[in-house]
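Colleague: Got a minute to go through this one with me? I'd like to talk about the charged pairs.

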Amino acid sequence: MHLTSLQLTEFHENGFLLLPDLFSREEVAVLNQAKEEVFAQETNANVVEKKSGEVRTAMGLHLRNETFARLVRHPRLVKPAQQILSEDLYVQQVKINVKSAFDGEAWQWHYDFATHHADDGVAEPLALNLHVFLGDVSEFNGPLYFIKGSHKCGAAASHHDTTTTSYPLWCVDQNEVTELVEHGGLASATGAAGTGLIFGDVLVHGSPPNMSPWDRPIFSLILNAVSNKQTSFVRPEHKHHTDYTPVTPLADDCLLRQEVAQ
Ligand SMILES: O=C(O)CCC(=O)C(=O)O
């Protein structure tokens, strides 16, 4: 899996890149089976919604399930990230945000580096967030919204929001959001199950609540450069992993041939 120069240009211009059909229906079925297993586990790494008590985000998945241990080393995720960053990368965070039907709450406007920097002491906004849609994501079930090109404006002013949802987040101030949207405009990231998505650490994004009858499960892997690892340890392991071993890609069929040791 190699990104074309057109795809790289789109990524650098807009700050994100959608990759339709990155994973097959068969592979998505394997991932959804594993999702059921981790969602059923009793652990504080499954963070629940404030109002409904439904799982909001299930974290630390590669340490809890063999399928996700393989997915974080999947060549269709790892190789594009290596291509963009040209550095050794470690697995920083591994989760599924499910945004459940009717009850899935918003993710406020933010960029990931605000949290990585303030809470984890990460120096540079190098990390990449790699998503895989585990169900169809449409305009109706709470897709991610991006402010196009906002990564070019650097780190926007943020405040720590510990009350709006069950997940504390460094959020971008509304006047900054207004200015950035006027400048770059908005895009929503929609696509069929199996779609991939890559975005960088200072791209401003968020997502609205899900009032549709359809869940919106999205797998998210954050890979960071080993040279840029965390220096502060206030967050638990499942929010920022402390194994900085460079990630190496497995075989392309690693999800479907789990009987083969990798
Ligand atoms: O799942 C969502 O809607 C938001 C995800 C997100 O903000 C992230 O992965 O950084």
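Modeller: Sure. For a salt bridge I ask for a side-chain nitrogen of Lys or Arg within 4 Å of a carboxyl oxygen of Asp or Glu. Keep in mind that this is a predicted model.

Colleague: OK, how many salt bridges does that rule give?

Modeller: The count is 9. One of them pairs R70 with E66, at 2.7 Å from N to O.

Colleague: Where do R70 and E66 lie?

Modeller: Both are in helix α3, residues 66–71, and they sit 4 residues apart, about one turn of the helix.

Colleague: Is R70 buried or exposed, and what about E66?

Modeller: R70 is buried, with 4% relative accessible area. E66 is partly exposed at 46%.

Colleague: Which residue does E27 pair with?

Modeller: R76, through a salt bridge of 2.8 Å, N to O. E27 is in helix α2 and R76 in helix α4 (residues 75–85), so the bridge ties together parts 49 residues apart in sequence. E27 counts as buried at 4% relative accessibility, and R76 is buried too, at 12%.

Colleague: What about R235, which residue does its side chain meet?

Modeller: That's D120, in a salt bridge of 2.9 Å, N to O. This pair links distant parts of the chain, 115 residues apart: R235 is in the segment after β13, while D120 is in the loop between α5 and β6. Both R235 and D120 are buried.

Colleague: And which residues are joined into one network by shared partners?

Modeller: E27, R76 and D252.

Colleague: Changing topic, where is A29?

Modeller: A29 is in helix α2, residues 25–39. A29 counts as partly exposed, at 46% relative accessibility.

Key. Residues are numbered from 1 along each chain as its sequence is written. This is a predicted model: local features need pLDDT of at least 70, side-chain atom pairs count only at pLDDT 80 or more; totals for chains, interfaces and linings use all residues. Side-chain values use heavy atoms; hydrogens and water are left out. Helices (H or I, at least four residues) and strands (E, at least two) are DSSP runs, numbered from the N terminus. Buried means under 20% relative accessible area, exposed over 50%, partly exposed in between (1.4 Å probe, protein chains only).
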